[in-house]
Amino acid sequence: MKTIRAFLEEQINEQTQQAVLSQSRIKEGPSKIKIRPVEQKGRIYYQASVTEGTKVLHKNYEREEMIAYMEEALSSDFSQLQVQGQQRDGSVLISKKGKATIKTRMHQAVAPAKILSHNRVKNYILKEGTAVPFLVDLGVMTPNGKVAAAKYDKFKQINRFLEFIEDVLPRLSREREITILDFGCGKSYLTFAVYYYLRELKGYDVNIIGLDLKKDVIEKCSSLAEKYGYEKLHFYQGDIADYEGVSKVDMVITLHACDTATDYALAKAAGWNAQVILSVPCCQHELNSQIKNELLAPILKYGILKERISALLTDGIRGEILRAWGYDVQILEFIDMEHTPKNLLIRAVKTGKKKDMSRLEEMLRELDARPTLLRLLNTTEESSAGKGV
């Protein structure tokens with residue numbers, strides 16, 4: 001039977017694309033550690049990016065030091081490790097009793113990840129100087145790969161979003177087609193980027209569907225997808241609440257869906273048991289018209305403060321509801337395409353471990369809040385129970 005040490009010796013090398021330690025077993029301390037090879041002064045090291053609260057700290061190790069570091073982390077602090085390599089992926093799961101389940105699988109070789117310079121100015125997933133067809137047509141890049149000055153913020157935003165995708169790659173299967181839905185895709189900068197990154201750069205078998213209400217936008221995006229030969233990238237006109245085009249979805253993306261449209265998208269995603277949800281909410285008005293609280297009354301009388309508090313509460317409540325439905329949830333800072341203060345991203349990853357929501361329900365009663373997402377999910381659950389699902 002393979003030991004954790006033997007697994008790490010086999011997996012951690014220059015062919016490692018990335019490794020992620022997660023599911024912390026301690027209340028205080030790092031929540032996640034991401035590992036990847038880096039180059040410094042002509043030598044290969046392994047960089048640990050340690051997430052603790054809102055901070056990310058970086059430290060470099062030699063290979064044997066990194067293997068010992070990861071082995072110790074699995075014995076004491078973390079219960080899950082996912083490793084991706086050029087031809088081999090692997091995972092370690094530690095049970096509550098300390099038993100290790102180790103799995104490895106081979107897959108079609110992917111292009112080696114460029115080993116990064118430790119002293120780089122900034123490494124982008126989509127490289128400056130390398131022309132990407134859809135970015136050229138959308139005006140972000142020139143034909144020679146130079147990023148247009150007026151579009152540089154958009155270029156950074158696209159890369160930032162792909163970093164969120166990169167973090168959850170271990171949750172996406174390489175053994176079958178994965179389905180991704182982008183609700184409210186708009187001009188689809190990010191939709192095209194996700195397809196290009198996952199299919200062209202990472203070799204995943206993906207089927208991506210973009211959905212938007214605007215007919216002209218859908219026609220434009222469809223023509224571009226056909227032009228590039230993106231056979232598994234489709235765009236349809238439709239509404240988030242009524243979409244029934246698929247029965248199983250692996251990832252749901254929803255960006256700037258206004259007010260409760262975000263809730264309908266999140267409810268759809270949870271109803272499909274989507275493995276990953278990435279949502280940038282917009283215009284959170286619902287709670288602003290509902291919340292009442294005697295203790296907070298002196299603050300809530302100021303309209304602008306009530307609006308901002310309501311927006312933050314809305315997204316926090318959404319996160320807690322998703323946790324209750326079996327998701328690990330993070331609320332992260334995101335560079336917004338429209339350059340507004342609405343720059344939070346909700347990232348939810350399916351664990352299947354539902355959380356007690358009695359404290360949340362108590363808070364909702366105190367605030368007189370009736371969130372749409374909770375109503376939608378309760379209705380879905382009651383409907384499933386009635387059908388014997």
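Trainee: How are helix H1 and helix H2 packed in this model?

Mentor: In this predicted model, helix H1 (residues 4-11) packs against helix H2 (residues 63-76) at an angle of about 140°, and their axes are 10 Å apart.

Trainee: Why are H1 and H2 called oblique to each other?

Mentor: Angles over 145 degrees count as roughly antiparallel, and 65 to 115 as roughly perpendicular. The angle of about 140° falls in neither range, and H1 and H2 are therefore oblique to each other. Their crossing is right-handed.

Trainee: Which residues make the contact, and how do they divide into nonpolar, polar and charged?

Mentor: H1 contributes Ile 4, Arg 5, Leu 8 and Glu 9. From H2 come Arg 63, Glu 64, Ile 67, Ala 68, Met 70, Glu 71 and Leu 74. Six of these contact residues are nonpolar, five are charged and none is polar.

Trainee: What makes the phi of Gln 23 worth noting?

Mentor: Most residues other than glycine have a negative phi. Gln 23, in strand S1 (residues 16-24), has a positive phi near 55°.

Trainee: Why does Gln 23 count as partly exposed?

Mentor: Buried means under 20% relative accessible area and exposed means over 50%. Gln 23 has 32% relative accessibility, and therefore counts as partly exposed.

Trainee: What is the phi of His 256, and where does this residue lie?

Mentor: His 256 is not a glycine, yet its phi is positive, at about 65°. His 256 lies in strand S12 (residues 251-258). Because its relative accessibility is 26%, His 256 counts as partly exposed.

Note on methods
Residues are numbered from 1 along each chain as its sequence is written. This is a predicted model: local features need pLDDT of at least 70, side-chain atom pairs count only at pLDDT 80 or more; totals for chains, interfaces and linings use all residues. Side-chain values use heavy atoms; hydrogens and water are left out. Axes are lines fitted to C-alpha atoms, for helices over the stretch in contact, and angles run from 0 to 180 degrees between N-to-C directions. Helices (H or I, at least four residues) and strands (E, at least two) are DSSP runs, numbered from the N terminus. Angles under 35 degrees count as roughly parallel, over 145 as roughly antiparallel, 65 to 115 as roughly perpendicular and the rest as oblique. A crossing is left-handed if the near helix is turned anticlockwise from the far one by less than a right angle, and right-handed if clockwise. Contact means heavy atoms within 4.5 Å. Ala, Val, Leu, Ile, Met, Phe, Trp, Tyr, Cys and Pro count as nonpolar, Asp, Glu, Lys and Arg as charged, and the others, Gly among them, as polar. Buried means under 20% relative accessible area, exposed over 50%, partly exposed in between (1.4 Å probe, protein chains only).
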